[in-house]
Amino acid sequence: MADKTIPYKINLSEDELPKAWYNVRADMKTDHRPILNPGTLQPVTAEELAPVFCEELVKQELNDKDRWIEIPEAIRNFYKMFRPSPLVRAYCLEAALKTPAKIYYKYEGGNTSGSHKLNSAIAQAYYAKEQGLKGVTTETGAGQWGTAMSMACGYFGLDLRVYMVKVSAQQKPYRRAVMETYGATVTPSPSDTTAIGRKILEMDPDTSGSLGCAISEAVEAAVTTDGYKYVLGSVLNQVLLHQTVIGLEAKTAFEKIDEYPDLVIGCAGGGSNLGGLMAPFMADRLAGKRAPYFIAVEPASCPSLTRGKFAYDFCDTGNVTPLAKMYTLGAGFVPASNHAGGLRYHGMSPIISQLYHDGFIDEARAYVQTDVFKAAEMFARVEGTLPAPESAHAIHATIEEAIKCRETGEAKTILFGLTGTGYFDMAAYMQYNAGEMTDYVPSDEDLARGLASLPVVE
């Protein structure tokens with residue numbers, strides 16, 4: 001085992017908690033393409049977004065000028081219950097792999113939601129409360145976002161209506177139980193409670209659902225209910241902004257030990273974890289300074305970056321949201337029911353998409369789920385934490401890179417995001433351990449059907 005001159009955990013004090021979120025759009029060489037009104041194909045205005053989102057969140061969504069946006073004191077005080085989160089040196093994984101690489105992970109599972117999602121959930125709930133709203137609506141895939149949002153709404157005394165992707169609701173009933181414990185109302189999606197849900201069920205009564213479908217239902221419920229707005233757990237600029245506390249803390253922790261990562265690896269579904277971990281280091285690249293090699297990792301069953309198209313598309317299946325320029329598989333694409341529910345989204349954050357398109361994110365990889373669970377099990381056995389299937393994608397890529405270092409003798413410093421724990425994913429682990437887990441990779445014909453639904457935008 002390597003000489004432990006660096007502690008297993010590099011902890012920050014409460015005084016080192018970030019006081020402002022970092023807005024990477026202010027430094028991007030090419031800002032992402034504007035979000036468009038699907039009716040006029042003109043950039044959306046604050047007035048057009050106001051019926052859907054909280055007023056302050058609309059301002060953050062459209063802000064491409066301010067590098068730093070102050071974190072309100074009430075949010076920072078809540079953060080102190082679980083932040084700063086530790087940067088952990090994975091000494092045991094290094095030893096198991098016999099690699100000269102130094103492996104670190106930013107651990108975001110140290111709260112009841114079990115994931116990084118609470119970083120944005122508490123911010124969005126705070127702004128809803130400040131606006132005097134009665135409640136909010138949202139969607140959730142794996143359930144991590146829904147759990148985080150239920151905690152945040154419970155804290156601020158807001159009502160919450162969650163539309164949970166049907167297959168995830170079936171796979172993870174305990175996630176639903178946690179959300180309901182915090183006071184949320186959970187509806188498997190698609191449902192017969194909305195016009196869009198009924199339309200989707202009419203077309204495919206046996207559908208397993210998708211995040212795009214759940215978004216449609218949540219948006220409809222918000223705009224048709226007085227005193228409610230819609231909140232989203234990934235993709236949007238405001239969410240990636242809130243998640244930069246991850247990367248800001250990681251960067252400060254590395255400075256304390258006089259280290260800097262050669263590689264930054266994150267799982268990518270909608271982009272919130274990858275964007276939050278990466279952004280403060282991306283600032284170095286955008287400024288022409290030394291910067292890591294950035295790797296985005298996604299499931300082979302929902303390969304938006306690796307096999308999607310960079311195009312304008314709806315963010316939801318029901319086509320009620322604005323159009324975003326992003327890497328997409330088409331809003332009508334319904335991914336296979338794999339166990340990385342938080343990564344089953346047809347598109348990618350406009351910020352992540354633009355950075356990848358312009359070459360600032362160096363590489364995107366897609367893995368089948370049996371390989372991902374093999375990496376997850378190895379990590380659990382040597383590092384002691386059972387990872388969420390989403391995080392295990394980043395773990396698999398990290399193991400690959402560490403093995404390359406073993407073969408070449410390079411002692412690279414690797415940072416990955418451990419976005420959450422897998423304790424609500426035991427059905428998936430049971431399936432993998434029983435040898436019953438299967439892999440699905442969509443064919444070119446499958447992807448063509450989804451991409452055929454792309455709107456025509458000149």
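**Stop 1: isoleucine 6**

Select isoleucine 6 and show what surrounds it in this predicted model. Setting aside neighbours within four places in sequence, isoleucine 6 is in contact with Arg89, Tyr91, Tyr104, Ile257 and Glu259. The residue sits in the segment before strand S1 (9-10). Its relative accessible area is 10%, so isoleucine 6 is buried. Now add a distance label to tyrosine 91. The two C-alpha atoms are 9.8 Å apart, while the two positions lie 85 residues apart in sequence terms: isoleucine 6 and tyrosine 91 are 85 residues apart.

**Stop 2: leucine 41**

Move to the loop between strand S2 (20-22) and helix H1 (46-49), and pick leucine 41. Check the backbone. Phi of leucine 41 is near 60°, a positive value in a residue other than glycine. Most residues other than glycine have a negative phi. Is leucine 41 buried, partly exposed or exposed? Its relative accessibility is 35%, which counts as partly exposed.

**Stop 3: two cis prolines**

Select arginine 83 and proline 84. The peptide bond between them is cis, with omega near -5°. Proline 84 belongs to the loop between helix H3 (73-79) and strand S4 (87-89).

Then jump to serine 189 and proline 190. Here too the peptide bond is cis, and omega is near 10°. Proline 190 is in the loop between strand S8 (185-189) and helix H9 (195-203). For context, most peptide bonds are trans.

**Stop 4: valine 167**

Step back to helix H7 (residues 166-171) and highlight valine 167. Valine 167 has 7% relative accessibility, so it counts as buried. Draw a line to alanine 142. The C-alpha atoms of valine 167 and alanine 142 are separated by 9.1 Å, and the residues are 25 apart along the chain.

**Stop 5: aspartate 258**

Go to the loop between helix H12 (244-256) and strand S10 (263-267), where aspartate 258 is found. Aspartate 258 is not a glycine, yet its phi is positive, about 55°. How much of aspartate 258 is accessible, and is it buried or exposed? The relative accessible area is 71%, so aspartate 258 is exposed. Two residues from the first stop, Ile257 and Glu259, can be picked up here again as contacts of isoleucine 6.

**Stop 6: helix H13**

Select residues 272-286, helix H13. The helix has 15 residues. From first C-alpha to last, H13 reaches 19 Å, close to the 21 Å expected at 1.5 Å a residue. Where does H13 bend? Look at alanine 279: the bend there is about 50°. A proline, proline 280, follows within four residues. Now turn on the surface. Of the 15 residues of H13, 14 are buried, so the helix is largely enclosed by the rest of the structure. After H13, find glycine 288, whose phi is positive, near 80°.

**Stop 7: serine 353**

Next, pick serine 353 in helix H15 (residues 350-357). Its relative accessibility is 0%, so serine 353 counts as buried. Show its surroundings, leaving aside neighbours within four places in sequence. Serine 353 is in contact with Phe310, Lys325, Met326, Tyr327 and Met348. Label the distance to lysine 325. The C-alpha atoms of serine 353 and lysine 325 are separated by 7.9 Å, with the residues 28 apart along the chain.

**Stop 8: helices H16 and H17**

Finish with a helix pair. Select H16 (residues 369-383) and H17 (residues 389-408). Two packed helices are described by the angle between their axes and the distance between the axes. In this pair the angle is about 85° and the axes are 8 Å apart. H16 and H17 are therefore roughly perpendicular to each other. The H16 side of the contact is Asp371, Val372, Phe373, Ala375, Ala376, Met378 and Phe379. The H17 side is Pro389, Ala392, His393, Ile395, His396 and Ile399. Colour the contact residues by type: ten are nonpolar, two polar and one charged.

Keep H17 selected. It has 20 residues and reaches 29 Å from first C-alpha to last, close to the 28 Å expected at 1.5 Å a residue. H17 is mostly covered, with 14 of its 20 residues buried. The last pick is glycine 409, just after H17, where phi is positive at about 85°.

How values were computed. Residues numbered from 1 in each chain as written. Predicted model: local features only at pLDDT ≥ 70, side-chain atom pairs only at ≥ 80, totals over all residues. Heavy atoms only, no water. Axes fitted to C-alpha atoms, helices over the stretch in contact; angles between N-to-C directions. Helix = DSSP H or I, 4+ residues; strand = E, 2+ residues; numbered from the N terminus. Parallel < 35°, antiparallel > 145°, perpendicular 65-115°, else oblique. Contact = heavy atoms within 4.5 Å. Nonpolar A, V, L, I, M, F, W, Y, C, P; charged D, E, K, R; others polar. Expected span 1.5 Å × (residues − 1). Bend = angle between axes of the 7 residues up to and from the residue. Buried < 20%, exposed > 50% of the residue type's maximum accessible area, 1.4 Å probe, protein only.
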